[in-house]
Amino acid sequence: MTEQNFPPLQNDRILRAARGEPVDKVPVWIMRQAGRYLPEFRELRKSHDFFTICQTPELACEITLQPIRRFPLDASIIFSDILVIPQAMGLVVEMKPGVGPVLPEPLQEPSDISRLKMPDVEKELGYVGQAITLTRQKLEGKVPLIGFTGAPWTLMGYMIQGGGSSTMAQARVWLYKYPEQSQKLLQMITDVIVDYLVMQVKAGAQVIKGH
(Lines give C-alpha, C1' and ligand atoms only; values in the text may rest on other atoms or scores of the structure.)
Protein backbone atom coordinates (compact mmCIF):
# COMPACT_ATOMS: atom_id res chain seq x y z
CA MET A 1 0.00 0.00 0.00
CA THR A 2 1.39 3.41 -0.95
CA GLU A 3 1.30 6.55 1.18
CA GLN A 4 -1.43 8.16 -0.89
CA ASN A 5 -3.82 5.31 -0.07
CA PHE A 6 -3.92 6.38 3.59
CA PRO A 7 -6.23 9.12 4.91
CA PRO A 8 -4.66 12.62 4.96
CA LEU A 9 -2.81 13.50 8.16
CA GLN A 10 -4.52 15.99 10.47
CA ASN A 11 -1.74 16.43 13.04
CA ASP A 12 1.82 16.37 11.69
CA ARG A 13 3.42 18.08 14.69
CA ILE A 14 5.69 15.15 15.54
CA LEU A 15 6.83 14.78 11.94
CA ARG A 16 7.78 18.46 11.76
CA ALA A 17 9.59 18.22 15.10
CA ALA A 18 11.48 15.13 13.91
CA ARG A 19 12.65 17.09 10.86
CA GLY A 20 13.77 19.99 13.04
CA GLU A 21 11.04 22.29 11.76
CA PRO A 22 9.17 24.84 13.92
CA VAL A 23 6.13 23.57 15.82
CA ASP A 24 3.40 25.43 17.68
CA LYS A 25 3.93 23.28 20.79
CA VAL A 26 6.17 20.40 21.87
CA PRO A 27 4.63 17.15 20.57
CA VAL A 28 3.82 14.50 23.17
CA TRP A 29 3.78 10.74 22.91
CA ILE A 30 4.74 8.09 25.47
CA MET A 31 7.03 5.17 24.76
CA ARG A 32 4.82 2.68 26.63
CA GLN A 33 1.70 4.40 25.44
CA ALA A 34 -0.44 1.26 25.47
CA GLY A 35 -0.18 -1.15 28.36
CA ARG A 36 -1.14 -2.29 31.80
CA TYR A 37 -2.34 1.10 33.06
CA LEU A 38 -5.29 0.88 30.66
CA PRO A 39 -8.24 -1.22 31.89
CA GLU A 40 -9.15 -2.13 28.31
CA PHE A 41 -5.62 -3.45 27.76
CA ARG A 42 -5.78 -5.54 30.95
CA GLU A 43 -9.13 -6.94 29.85
CA LEU A 44 -7.74 -8.00 26.48
CA ARG A 45 -4.66 -9.55 28.11
CA LYS A 46 -6.89 -11.85 30.16
CA SER A 47 -7.60 -13.90 27.06
CA HIS A 48 -4.47 -13.40 24.94
CA ASP A 49 -0.79 -14.16 25.45
CA PHE A 50 1.54 -11.17 24.99
CA PHE A 51 3.27 -12.43 21.86
CA THR A 52 -0.02 -13.69 20.43
CA ILE A 53 -1.15 -10.07 20.54
CA CYS A 54 2.05 -8.93 18.84
CA GLN A 55 1.61 -11.54 16.12
CA THR A 56 -2.08 -10.82 15.49
CA PRO A 57 -2.44 -7.60 13.47
CA GLU A 58 -6.02 -6.93 14.56
CA LEU A 59 -5.11 -7.21 18.25
CA ALA A 60 -1.92 -5.18 17.92
CA CYS A 61 -3.89 -2.51 16.08
CA GLU A 62 -6.60 -2.42 18.75
CA ILE A 63 -4.08 -1.95 21.55
CA THR A 64 -2.22 0.72 19.59
CA LEU A 65 -5.45 2.69 19.24
CA GLN A 66 -6.55 2.40 22.89
CA PRO A 67 -4.54 5.34 24.27
CA ILE A 68 -5.34 7.47 21.20
CA ARG A 69 -9.03 7.14 22.02
CA ARG A 70 -8.43 8.36 25.57
CA PHE A 71 -5.80 11.09 25.33
CA PRO A 72 -4.94 14.00 22.97
CA LEU A 73 -1.55 12.55 22.04
CA ASP A 74 0.44 13.71 19.02
CA ALA A 75 1.41 10.25 17.76
CA SER A 76 0.65 6.57 18.07
CA ILE A 77 3.32 3.86 18.36
CA ILE A 78 2.66 0.39 17.06
CA PHE A 79 2.17 -2.26 19.74
CA SER A 80 4.99 -4.77 19.36
CA ASP A 81 8.20 -5.80 21.10
CA ILE A 82 11.90 -5.50 20.28
CA LEU A 83 12.34 -9.25 20.84
CA VAL A 84 10.34 -10.25 17.80
CA ILE A 85 13.68 -10.06 15.97
CA PRO A 86 15.39 -12.77 18.09
CA GLN A 87 12.23 -14.83 17.63
CA ALA A 88 12.46 -14.45 13.86
CA MET A 89 16.13 -15.45 14.05
CA GLY A 90 15.20 -18.73 15.71
CA LEU A 91 15.33 -18.12 19.46
CA VAL A 92 12.43 -18.81 21.80
CA VAL A 93 11.23 -15.76 23.71
CA GLU A 94 8.63 -16.06 26.47
CA MET A 95 6.91 -13.31 28.44
CA LYS A 96 6.87 -14.40 32.08
CA PRO A 97 4.37 -12.68 34.42
CA GLY A 98 6.18 -10.59 37.00
CA VAL A 99 9.53 -11.26 35.33
CA GLY A 100 9.37 -9.97 31.78
CA PRO A 101 10.89 -11.46 28.63
CA VAL A 102 12.90 -14.66 29.04
CA LEU A 103 14.97 -16.52 26.46
CA PRO A 104 15.24 -20.05 27.91
CA GLU A 105 18.04 -21.09 25.53
CA PRO A 106 20.31 -18.04 25.11
CA LEU A 107 23.57 -17.94 23.16
CA GLN A 108 26.19 -19.24 25.59
CA GLU A 109 29.22 -19.50 23.34
CA PRO A 110 30.12 -18.50 19.76
CA SER A 111 29.24 -21.90 18.33
CA ASP A 112 25.63 -21.16 19.29
CA ILE A 113 25.50 -18.54 16.55
CA SER A 114 24.99 -21.47 14.16
CA ARG A 115 21.54 -21.92 15.74
CA LEU A 116 20.46 -18.57 14.31
CA LYS A 117 18.90 -18.04 10.92
CA MET A 118 18.68 -14.99 8.70
CA PRO A 119 14.91 -14.66 8.30
CA ASP A 120 12.87 -13.50 5.37
CA VAL A 121 11.63 -10.41 7.19
CA GLU A 122 8.59 -9.91 4.96
CA LYS A 123 7.51 -13.46 5.80
CA GLU A 124 8.66 -13.95 9.40
CA LEU A 125 7.80 -10.45 10.66
CA GLY A 126 5.11 -9.56 8.16
CA TYR A 127 2.54 -9.49 10.94
CA VAL A 128 4.13 -6.26 12.20
CA GLY A 129 3.81 -4.71 8.77
CA GLN A 130 0.18 -5.83 8.56
CA ALA A 131 -0.51 -4.31 11.98
CA ILE A 132 1.08 -1.03 10.86
CA THR A 133 -0.95 -0.85 7.66
CA LEU A 134 -4.20 -1.68 9.47
CA THR A 135 -3.46 0.87 12.20
CA ARG A 136 -2.70 3.63 9.66
CA GLN A 137 -6.11 2.96 8.14
CA LYS A 138 -7.91 2.89 11.49
CA LEU A 139 -6.21 6.09 12.69
CA GLU A 140 -7.94 7.89 9.82
CA GLY A 141 -5.16 10.49 9.72
CA LYS A 142 -5.72 11.67 13.30
CA VAL A 143 -2.04 11.33 14.28
CA PRO A 144 1.14 9.80 12.79
CA LEU A 145 2.21 6.24 13.50
CA ILE A 146 5.66 5.41 14.92
CA GLY A 147 7.44 2.13 14.22
CA PHE A 148 10.43 0.89 16.18
CA THR A 149 13.12 -1.72 16.71
CA GLY A 150 15.67 -2.72 19.29
CA ALA A 151 19.24 -1.60 18.60
CA PRO A 152 21.85 -4.27 17.70
CA TRP A 153 23.63 -4.15 21.07
CA THR A 154 20.33 -4.25 22.97
CA LEU A 155 19.21 -7.34 21.10
CA MET A 156 22.61 -9.02 21.37
CA GLY A 157 22.46 -8.46 25.12
CA TYR A 158 19.08 -10.15 25.44
CA MET A 159 20.15 -13.03 23.20
CA ILE A 160 23.19 -13.75 25.37
CA GLN A 161 21.86 -12.84 28.83
CA GLY A 162 18.59 -14.69 28.34
CA GLY A 163 16.62 -11.69 29.54
CA GLY A 164 16.93 -8.12 30.69
CA SER A 165 20.04 -7.02 32.56
CA SER A 166 21.24 -3.72 34.05
CA THR A 167 24.91 -4.64 33.50
CA MET A 168 24.88 -6.88 30.41
CA ALA A 169 27.83 -8.66 32.06
CA GLN A 170 27.75 -11.83 29.95
CA ALA A 171 27.32 -9.90 26.73
CA ARG A 172 30.24 -7.63 27.64
CA VAL A 173 32.37 -10.72 28.24
CA TRP A 174 31.60 -11.75 24.66
CA LEU A 175 32.91 -8.42 23.38
CA TYR A 176 36.25 -8.88 25.12
CA LYS A 177 36.60 -12.65 24.80
CA TYR A 178 35.15 -13.19 21.32
CA PRO A 179 35.58 -9.91 19.38
CA GLU A 180 35.28 -11.40 15.89
CA GLN A 181 32.28 -13.54 16.74
CA SER A 182 30.66 -10.59 18.51
CA GLN A 183 31.11 -8.48 15.40
CA LYS A 184 29.60 -11.26 13.31
CA LEU A 185 26.59 -11.51 15.61
CA LEU A 186 26.08 -7.73 15.69
CA GLN A 187 26.25 -7.61 11.89
CA MET A 188 23.68 -10.39 11.56
CA ILE A 189 21.31 -8.56 13.87
CA THR A 190 21.93 -5.26 12.08
CA ASP A 191 21.13 -6.78 8.69
CA VAL A 192 17.80 -8.06 10.01
CA ILE A 193 17.03 -4.68 11.63
CA VAL A 194 17.63 -2.82 8.37
CA ASP A 195 15.21 -5.06 6.46
CA TYR A 196 12.73 -4.85 9.33
CA LEU A 197 12.68 -1.05 9.39
CA VAL A 198 12.41 -0.83 5.61
CA MET A 199 9.42 -3.15 5.82
CA GLN A 200 7.82 -0.97 8.51
CA VAL A 201 8.19 2.16 6.40
CA LYS A 202 6.74 0.40 3.35
CA ALA A 203 3.82 -0.72 5.52
CA GLY A 204 3.04 2.83 6.60
CA ALA A 205 5.17 3.81 9.61
CA GLN A 206 5.79 7.57 9.39
CA VAL A 207 8.57 7.71 11.98
CA ILE A 208 10.91 4.91 13.06
CA LYS A 209 13.03 4.71 16.18
CA GLY A 210 15.49 2.35 17.82
CA HIS A 211 16.37 1.74 21.44
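Visitor: How do the residues of the lining of the largest cavity divide into nonpolar, polar and charged?
Guide: Five are nonpolar, two polar and one charged. Phe6, Pro7, Leu9, Arg136, Leu139, Gly141, Val143 and Gln206 make up that lining. Ala, Val, Leu, Ile, Met, Phe, Trp, Tyr, Cys and Pro count as nonpolar, Asp, Glu, Lys and Arg as charged, and the others, Gly among them, as polar. Arg136 is therefore the charged one, while Gly141 and Gln206 are the polar two.

Visitor: And what am I looking at?
Guide: A predicted model, in which local features need pLDDT of at least 70 and side-chain atom pairs 80 or more, while totals for chains, interfaces and linings use all residues. Residues are numbered from 1 along each chain as its sequence is written, and side-chain values use heavy atoms, without hydrogens or water.

Visitor: What makes a space a cavity?
Guide: On a 1 Å grid over the protein atoms alone, a 1.4 Å probe must fit but be unable to get out; lining residues have an atom within 4 Å of a point. A search of the whole structure finds one cavity of 30 Å³ or more, and the largest holds about 40 Å³, a volume being the space filled by probe spheres on the grid points.

Visitor: Where does the charged end of Arg136 sit?
Guide: Over the ring of Phe6, 4.0 Å from its centre. That distance fits the rule, which asks for CZ of Arg (or NZ of Lys) within 6 Å of the ring centre and within 35 degrees of the ring normal.

Visitor: Why is Cys54 in no disulfide?
Guide: The closest cysteine sulfur, in Cys61, is 14 Å away, whereas a disulfide needs two cysteine sulfur atoms within 2.5 Å, so this is too far for a bond. The whole structure has zero disulfides.

Visitor: Is Cys54 buried or exposed?
Guide: Buried, at 1% relative accessible area; the cut-off is under 20%, with exposed over 50% and partly exposed in between (1.4 Å probe, protein chains only). Cys61, at 3%, is buried too.

Visitor: Why are Phe50 and Phe51 called edge-to-face?
Guide: Their ring centres lie 5.1 Å apart and their planes meet at 85°. Rings of Phe, Tyr and Trp (its six-membered ring) pair if centres lie within 6.5 Å; planes under 30 degrees apart are stacked, over 60 edge-to-face, the rest tilted. Phe50 and Phe79 are also edge-to-face, at 5.5 Å and 65°.

Visitor: What do ring pairs link into a cluster?
Guide: Phe41, Phe50, Phe51 and Phe79. Phe50 is buried at 11%, and Phe79 at 9%.

Note on methods:
On a 1 Å grid over the protein atoms alone, a cavity is a set of points where a 1.4 Å probe fits but cannot get out, and a pocket is an open set with protein on both sides within 12 Å along at least five of seven lines; lining residues have an atom within 4 Å of a point.
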